[in-house]
Amino acid sequence: MVWLLLAFDLPVKTKAQRKAAAQFRFKLLDDGFEMTQYSVYLRYCGSKNVAAAHIKRITRRLPNRGKVDILQFTDAQYENIVSFDNRGRKIRKTEPQYQLF
């Protein structure tokens, strides 16, 4: 089981660049990714082969400019993610073995 986390920084100075960035985001949503932050998308894949297929699809859809990073991690690693927002700390599934101050 693999998670894909896609983080990107695309240029949006011109109308054409904004359109390309929006199309890229819409294609990610169509491909089953969910937006976790404005330029950060996440998707669960049942296997490394499924993840590789999504990475290949993303590669074909890359805008001409900008930076795109794709991180892969296991379901066990996903469980240890700690998130903060204006409402406080959120633990994904299990409490980490360490204390945060």
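Here are some numbered notes on this predicted model, going from the whole chain down to a few single residues.

1. **The overall layout.** Start by counting the pieces: the protein has three helices and six strands. If you walk along the sequence, they come in the order β-α-β-β-α-β-α-β-β. Try tracing that order on the structure above before you read on.

2. **Inside and outside.** Of the 101 residues in the protein, 26% are buried. The exposed surface of the protein comes to about 7400 Å², and carbon and sulfur atoms supply 52% of that area.

3. **Who touches whom.** Take the contacts in the protein with a separation of 6 or more: 59% of them join residues 24 or more positions apart. Points 8 and 9 look at some residues that meet across long stretches of sequence.

4. **Helix α1, its length and its inner side.** Helix α1 covers residues 15-30. With 16 residues, α1 reaches 22 Å from first C-alpha to last, close to the 22 Å you would expect at 1.5 Å a residue. Which residues of α1 are buried? They are Ala-21, Ala-22, Phe-24, Arg-25 and Leu-28. These cover an arc of only 155° around the axis, so they sit on the same side of α1. Don't skip over Arg-25, which is on that buried list too. As for what covers these buried residues, the cover includes β1 (2-9), β3 (40-45), α2 (48-61) and β4 (67-74).

5. **The other side of α1, and what comes after.** Turn α1 around and you find Lys-15, Ala-16, Lys-19, Phe-26 and Asp-30, which are exposed. Leu-29, also in α1, counts as partly exposed because its relative accessibility is 42%. Phe-26 and Leu-29 join Met-35 and Tyr-38 in making a nonpolar surface patch of about 450 Å². After α1 comes Gly-32, and its phi is positive, near 95°.

6. **Helix α2, looked at in the same way.** The 14 residues of α2 should span 20 Å at 1.5 Å a residue, and the end C-alpha atoms are indeed 20 Å apart, which agrees. The buried residues here are Ala-51, His-54 and Ile-58. Seen down the axis of α2, they fall within an arc of 65°, so they line one face of the helix. Which exposed residues does the face turned away from the buried side of α2 carry? Look for Asn-49, Lys-56 and Arg-60. The cover over the buried residues of α2 includes β1, α1, β3 and β4. Notice that α1 is on this list, just as α2 is among the elements covering the buried residues of α1.

7. **A salt bridge from α2 to a loop.** How many salt bridges are there? The count comes to two. One of them pairs Arg-57 with Asp-31, and their closest N and O atoms are 2.6 Å apart. Arg-57 is in helix α2 while Asp-31 is in the loop between α1 and β2 (34-37), so the pair ties together parts that are 26 residues apart in sequence. Are the two partners buried or exposed? Arg-57 counts as partly exposed, because its relative accessibility is 24%. Asp-31 has a relative accessibility of 11%, so it counts as buried.

8. **Asp-69 in strand β4.** A salt bridge also joins the side chains of Lys-67 and Asp-69, at 2.9 Å from N to O. Asp-69 belongs to strand β4 and counts as partly exposed, because its relative accessibility is 34%. Leaving out residues up to four places away in sequence, Asp-69 touches Leu-5, Leu-6 and Ala-7. Take Ala-7: it is 62 residues from Asp-69 in sequence, yet the two C-alpha atoms are 5.3 Å apart in space.

9. **Thr-74, also in β4.** Thr-74 is another residue of strand β4. At 37% relative accessibility, Thr-74 counts as partly exposed. If you set aside neighbours within four places in sequence, Thr-74 is in contact with Met-1 and Trp-3. Thr-74 and Leu-4 are 70 residues apart in sequence, with 9.0 Å between their C-alpha atoms.

Technical notes:
Residues numbered from 1 in each chain as written. Predicted model: local features only at pLDDT ≥ 70, side-chain atom pairs only at ≥ 80, totals over all residues. Heavy atoms only, no water. Helix = DSSP H or I, 4+ residues; strand = E, 2+ residues; numbered from the N terminus. Buried < 20%, exposed > 50% of the residue type's maximum accessible area, 1.4 Å probe, protein only. Contact = heavy atoms within 4.5 Å. Areas by Shrake-Rupley, 256 points an atom, 1.4 Å probe, with all protein chains shown as cover. Patch = residues over 30% accessible without salt bridge, like charges linked within 9 Å, V, L, I, M, F, W, Y side chains within 5 Å. Salt bridge = Lys/Arg side-chain N within 4 Å of Asp/Glu carboxyl O. Expected span 1.5 Å × (residues − 1). Arc of directions from axis to C-beta.
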